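Student: Could you take me through the aromatic rings of this structure with care, and then show me a few other places that deserve a look?

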Amino acid sequence: MKPLAALAAAMFALQFWQATHTGITADEPDHILAAHFYWTAPKAFPETDLAPLLKIVTGWRASNIPPADDPRWKAHREWVAAGAYFVDLKDPYLHDLTTAFRLPVLIFPMLTLLIIWHWAREVCGPVPALFAAAAFAFEPTALAHGALVKNDIASAFAYAFFWYAAYKRNMLLLCAATLIGILAKLSLVILAVIAPIIILTQPN
């Protein structure tokens with residue numbers, strides 16, 4: 001467990017550095033505002049092209065974002081309003097706001113690391129499991145996306161969790177993973193079709 005703890009700590013440190021030092025990316029203004037208003041006033045900023053898991057995990061943070069009755073949200077043009085609002089923000093508030101919404105997202109790369117390690121250990125043993133976990137922890141795409149307010153790593157975790165549950169033939173886990181997948185990304189609605197097939201075809 002000590003090598004895994006060291007690996008997890010190293011990955012978290014890298015992801016934390018990314019979250020606090022990377023400039024805001026093109027998609028994040030829209031996702032941040034959608035997450036904020038998901039908790040405070042869903043009709044003010046009803047972004048519909050992102051499943052709710054990211055909003056649930058990040059939007060609870062208190063912030064000084066203008067309230068729902070602010071004129072800039074009235075047009076319901078999410079991407080335009082978000083881009084214009086964040087262009088006007090200045091540091092340190094821009095940095096602090098972005099960081100506050102990014103930090104909760106770090107749970108997804110950490111959970112993905114754990115499920116990869118756990119599954120690999122069951123199949124191959126502890127040493128290959130550590131190598132598999134390290135391959136994910138230091139993989140450039142995972143490092144680049146894991147600390148951003150985006151649903152890429154959240155959906156990767158949900159997908160890995162789903163197939164681990166299918167491997168275990170555990171119906172409770174499979175149902176939970178299907179729900180998380182649907183909440184994580186709209187395209188993962190397909191899991192709701194795959195899950196019953198797995199359940200119906202499992203041996204008695």
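Tutor: What follows begins with pairs of aromatic rings and then turns to a helix contact and some single residues. Please keep in mind throughout that this is a predicted model.

A pair of aromatic rings is described by the distance of the centres and the angle of the planes. Counting rings whose centres lie within 6.5 Å, the model holds ten aromatic pairs. Take the rings of Trp73 and Tyr85, whose centres are 5.6 Å apart and whose planes stand at 75 degrees; because an angle over 60 degrees counts as edge-to-face, this pair is edge-to-face. Trp73 sits in the loop between helix 3 (53–58) and helix 4 (78–88), while Tyr85 belongs to helix 4, so the pair ties together parts that are twelve residues apart in sequence. With the cut-off for buried set at under 20% relative accessible area, Trp73 counts as buried because its relative accessibility is 2%, and Tyr85 counts as buried at 6%.

A second pair to look at is formed by Tyr164 and Tyr167, where the distance is 6.4 Å centre to centre and the angle between the planes is 35 degrees, a tilted arrangement. These two residues are three residues apart in helix 9 (residues 152–168), so about one helical turn separates Tyr164 from Tyr167. Their surroundings can be read from the accessibility values: Tyr164, at 8% relative accessibility, counts as buried, whereas Tyr167, at 43%, counts as partly exposed. Returning to the edge-to-face pair, you will find that Trp73 and Tyr85 also belong to one aromatic cluster together with Phe37 and Phe86.

Let us now turn from rings to helices. Two packed helices are described by the angle between their axes and the distance between the axes. For helix 1 (residues 2–21) and helix 5 (residues 93–102), the angle is about 145 degrees and the axes are 8 Å apart. On the side of helix 1 the contact is made by Gln18, Ala19 and Thr20, and on the side of helix 5 by His95, Thr99 and Arg102. Sorted by kind, the residues of this contact of helix 1 with helix 5 divide into one nonpolar, four polar and one charged.

Some single residues complete the tour. Thr178, which is placed in helix 10 (residues 171–184), counts as buried because its relative accessibility is 9%. Leaving aside residues up to four places away in sequence, Thr178 touches Phe162, Leu191, Ala192 and Ala195. Leu111 has its place in helix 6 (residues 107–124) and is partly exposed, with a relative accessible area of 30%. From Leu111 to Pro128 there are 17 residues along the chain, and the C-alpha atoms of these two residues are separated by 18 Å.

Finally, the backbone itself repays attention in two loops. In the loop between helix 4 and helix 5 you will find Pro92, and the peptide bond from Asp91 to Pro92 is cis, with omega near 5 degrees. In the loop between helix 9 and helix 10 lies Arg169, a residue other than glycine whose phi nevertheless has a positive value, near 55 degrees. Arg169 is partly exposed, with a relative accessible area of 40%.

Definitions and conventions:
Residues are numbered from 1 along each chain as its sequence is written. This is a predicted model: local features need pLDDT of at least 70, side-chain atom pairs count only at pLDDT 80 or more; totals for chains, interfaces and linings use all residues. Side-chain values use heavy atoms; hydrogens and water are left out. Rings of Phe, Tyr and Trp (its six-membered ring) pair if their centres lie within 6.5 Å; planes under 30 degrees apart count as stacked, over 60 as edge-to-face and the rest as tilted. Helices (H or I, at least four residues) and strands (E, at least two) are DSSP runs, numbered from the N terminus. Buried means under 20% relative accessible area, exposed over 50%, partly exposed in between (1.4 Å probe, protein chains only). Contact means heavy atoms within 4.5 Å. Axes are lines fitted to C-alpha atoms, for helices over the stretch in contact, and angles run from 0 to 180 degrees between N-to-C directions. Ala, Val, Leu, Ile, Met, Phe, Trp, Tyr, Cys and Pro count as nonpolar, Asp, Glu, Lys and Arg as charged, and the others, Gly among them, as polar.
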